[in-house]
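Thanks, everyone. Today I want to talk about charged side chains. Let me put the structure up.

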Amino acid sequence: MSQVVELFTDGACKGNPGVGGWGVLLRYGTTERELYGYQADTTNNQMELMAAIRGLEALTRPCHVKLTTDSKYVLQGMTEWIAAWKKKGWKSANGQAVKNQELWQRLDQAARPHQIEWQWVRGHTGHAENERVDALANRAIEEKFIG
């Protein structure tokens, strides 16, 4: 695991729940790859999770990943909450089933082979890559919903 793969993710939703999209930018050195997708009936948090999932699933071998998200939900879920959820059989601190459990499990699985440095950035503040993945997430919605 020498060079770092940069992964920028974002999700968007028109209505919450509503139609949603996710966007990903992968960068390895000077090589970049954009991914985006659409879901008809979803939430913003589900699209944030899906962006991270699809970005990590796109990697073909174990990598050192610097993953940047504007979702505190995704960041805190992976860095603070997930260990306790797994220990408690996917129950939250109040004993309820963890929301979006299937997506959390898929993200956990996608993250396993990699050494990940999770980073949070405030959304919609001019961070170039965050603006770019936000545009991709919204493009997915527009292409499906309008086009």
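Start with Asp108. At 9% relative accessibility, Asp108 counts as buried. One note before I go on: this is a predicted model.

So what does Asp108 pair with? Its side chain meets that of Arg112 in a salt bridge, 2.8 Å from N to O. And Arg112, is that one buried or exposed? Exposed, at 52% relative accessibility. The cut-off for exposed is over 50%. Here, then, a buried acid is bridged to an exposed base.

Now the count. By the N-to-O distance rule, the model has 9 salt bridges. I will take two more of them in turn.

First up, Glu6 and Arg27. Their closest N and O atoms are 3.5 Å apart. Where do the two residues lie? Glu6 is in strand 1, residues 4-15, and Arg27 is in strand 2, residues 18-28. The pair therefore ties together parts that are 21 residues apart in sequence. On accessibility, Glu6 is partly exposed at 23%. Arg27 is buried, at 15%. The line between those two classes is drawn at 20%.

Next, Glu34 and Arg132. This salt bridge has its closest N and O atoms 2.8 Å apart. Glu34 lies in strand 3, residues 31-42, while Arg132 lies in helix 4, residues 128-145. So this bridge ties together parts that are 98 residues apart in sequence. Both ends are partly exposed: Glu34 has a relative accessible area of 37%, and Arg132 one of 30%.

How do these pairs relate? Through shared partners, salt bridges join Glu6, Arg27, Glu32, Glu34, Glu129 and Arg132 into one network. Both of the pairs I just described have their residues in that network.

Last item: a charge without a bridge. Look at Asp10, in strand 1. Asp10 is buried, yet it has no salt bridge. Which side chain of opposite charge is nearest, and how far away is it? The answer is Lys14, at 10.0 Å. A salt bridge needs the nitrogen within 4 Å of the carboxyl oxygen, so Lys14 does not qualify.

What does Asp10 touch instead? Set aside neighbours within four places in sequence, and its contacts include Gly21, Trp22 and Gly23. Met47, Glu48 and Ala51 are also among them. So are Asp70, Asn130, Val133, Asp134 and Ala137.

To recap: Asp108 is buried and bridged to Arg112. Asp10 is buried and has no salt bridge. That is my set.

Key. Residues numbered from 1 in each chain as written. Predicted model: local features only at pLDDT ≥ 70, side-chain atom pairs only at ≥ 80, totals over all residues. Heavy atoms only, no water. Helix = DSSP H or I, 4+ residues; strand = E, 2+ residues; numbered from the N terminus. Buried < 20%, exposed > 50% of the residue type's maximum accessible area, 1.4 Å probe, protein only. Lys, Arg positive; Asp, Glu negative; His and termini not counted. Contact = heavy atoms within 4.5 Å.
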